[in-house]
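Please look over the model shown here. The text after it goes through a few of its packing details.

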Amino acid sequence: MNVIKTSTKAFLALTSLAFTHSATAADTVKVGVLHSLSGTMAISETSLRDILLYTFDEINAKGGVMGKKIEPVVVDGASNWPLFAEKAKQLLEKDKAAVVFGCWTSVSRKSVLPVFEKNNGLLFYPVQYEGEEESKNVFYTAEAVNQQATPAVDYMLGKKKEKFYLLGSDYVYPQTTNLVLLEYLLSKGVPIENIGGGFKKDSSGKIISAGKYTPFGHTDYQQIVAEIKQFSAGGKACVINTLNGDTNVPFFKEYAAAGLTAESCPVVSFSISEDEFRALPAKQLVGQLGCWTYFQSVKSDANKVFISGFQKWLKESKLDGVKKEGRVTCSPMVLSFDGVYLWKAAVEKAGSFDVDKVRTALQSGISFDGPGGKVTTQKNMHLTKNVFIGETKADGQFKILKEYKDVFGQPWLKGTFTAK
């Protein structure tokens, strides 16, 4: 991934974020923003900071939350997982944030989780993840595996694909997701020899890893692509791609150089959204597929208002460190936006900022008409939402091919599928 460097001046400006309103502390509610504004993950997470600040401003302009203006406290996790925990502790214990919006990688979320549970804080987490987790201190607006990975497999099966090569970055989200997908594919009648990428077994012979994995920043995909080409030689094959960030560039370059195409062996990716395309060669990915619960190309009045409002905010923003040109919207940004409005609705339903009362309101089922369609909170602290399959275009946008309506978020999938 490209590294976005945040100057000390810009960072201090964003962390202090002086209020334009001459309000006393009693008139405000502190809300934490915990994302990487520097380091490897800044390329993705800075956009989530921006969308959160836009959303806070939009809500404040309409009177705030229960008569209080949102006072953002922005901290930099710096792509450093232990530092995320330190910053979470600061937000909850020192700044007394009523809620925190943040984290991208699963390792950052797992790093802060004990802090939120110890302090009974509330974290809204907006980025697709592997499931197998459910905490009363986290609301997962994120796509669960059944809201991204399994619908993508269903789509490819519907296109008569019979062979699936699993490729990802070497960390918890791809590893766990692909173990779920292994079970899911077998339950759909795909024989294990038609699942590529390799397997690792424990001493008892149980499969503990499925797929091929490369470290963050990996650049040499010649051998892997040669393996994919051989795997797909008989036709009816596809690649399930959980590579993260700009390591997708050398992968797709090697893929194209080997003569593979979206027609001969399509790739469906779970970590490439419109925002990542700003740093990727979109023309090399034309025709490839993505699966998210929002695309910028969604046709709805709510999405038009969202996009135009964000672009207007960017143009007018005087905050240091906010890039104004060439900006797009994507699913993690929308799930951040939705999360703020759901928290606001829960606070107003509870009549309180108290975490226990807000949680009860969230678990009761609150709906919001977001840019990707209506979303509804669930008792298990996940979100019911629409799922879209999209085909990439040269401009870095997606042509929507299929929509799955109102998909219930299910975090616990391992062991639930029975092989045919």
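The paragraphs below deal with one loop residue and two helix pairs in this predicted model.

Arg327 lies in the loop between α10 (301-316) and α11 (331-350). Its relative accessible area is 7%, and because the limit for a buried residue is under 20%, Arg327 counts as buried. The side chain of Arg327 makes a polar contact of 2.9 Å with that of Asp50. Apart from neighbours within four places in sequence, Arg327 is in contact with Ser47, Asp50, Arg278, Phe310, Gln311, Leu314 and Val322.

Asp50 and Phe310 appear again where α2 meets α10. The axes of helix α2 (residues 42-61) and α10 come within 10 Å and cross at roughly 100 degrees. The two helices are therefore roughly perpendicular to each other. On the α2 side the contact is made by Asp50, Ile51, Leu53, Tyr54 and Asp57, and on the α10 side by Val305, Phe306, Gly309, Phe310 and Trp313. By class, this contact has 7 nonpolar, 1 polar and 2 charged residues.

The second pair is formed by helix α5 (residues 149-158) and helix α6 (residues 172-187), which pack with their axes 10 Å apart at an angle of about 40 degrees. That angle makes α5 oblique to α6. The crossing of α5 past α6 is right-handed. From α5, the contact involves Ala149, Thr150, Val153 and Asp154; from α6, it involves Thr177, Leu181, Tyr184 and Leu185. Sorted by class, the contact of α5 with α6 has 5 nonpolar, 2 polar and 1 charged residues.

Notes: Residues numbered from 1 in each chain as written. Predicted model: local features only at pLDDT ≥ 70, side-chain atom pairs only at ≥ 80, totals over all residues. Heavy atoms only, no water. Helix = DSSP H or I, 4+ residues; strand = E, 2+ residues; numbered from the N terminus. Buried < 20%, exposed > 50% of the residue type's maximum accessible area, 1.4 Å probe, protein only. Polar contact = N/O pair within 3.5 Å; in protein donor to acceptor, adjacent residues only side chain to side chain. Contact = heavy atoms within 4.5 Å. Axes fitted to C-alpha atoms, helices over the stretch in contact; angles between N-to-C directions. Parallel < 35°, antiparallel > 145°, perpendicular 65-115°, else oblique. Nonpolar A, V, L, I, M, F, W, Y, C, P; charged D, E, K, R; others polar. Left-handed = near helix turned anticlockwise from the far one by under 90°.
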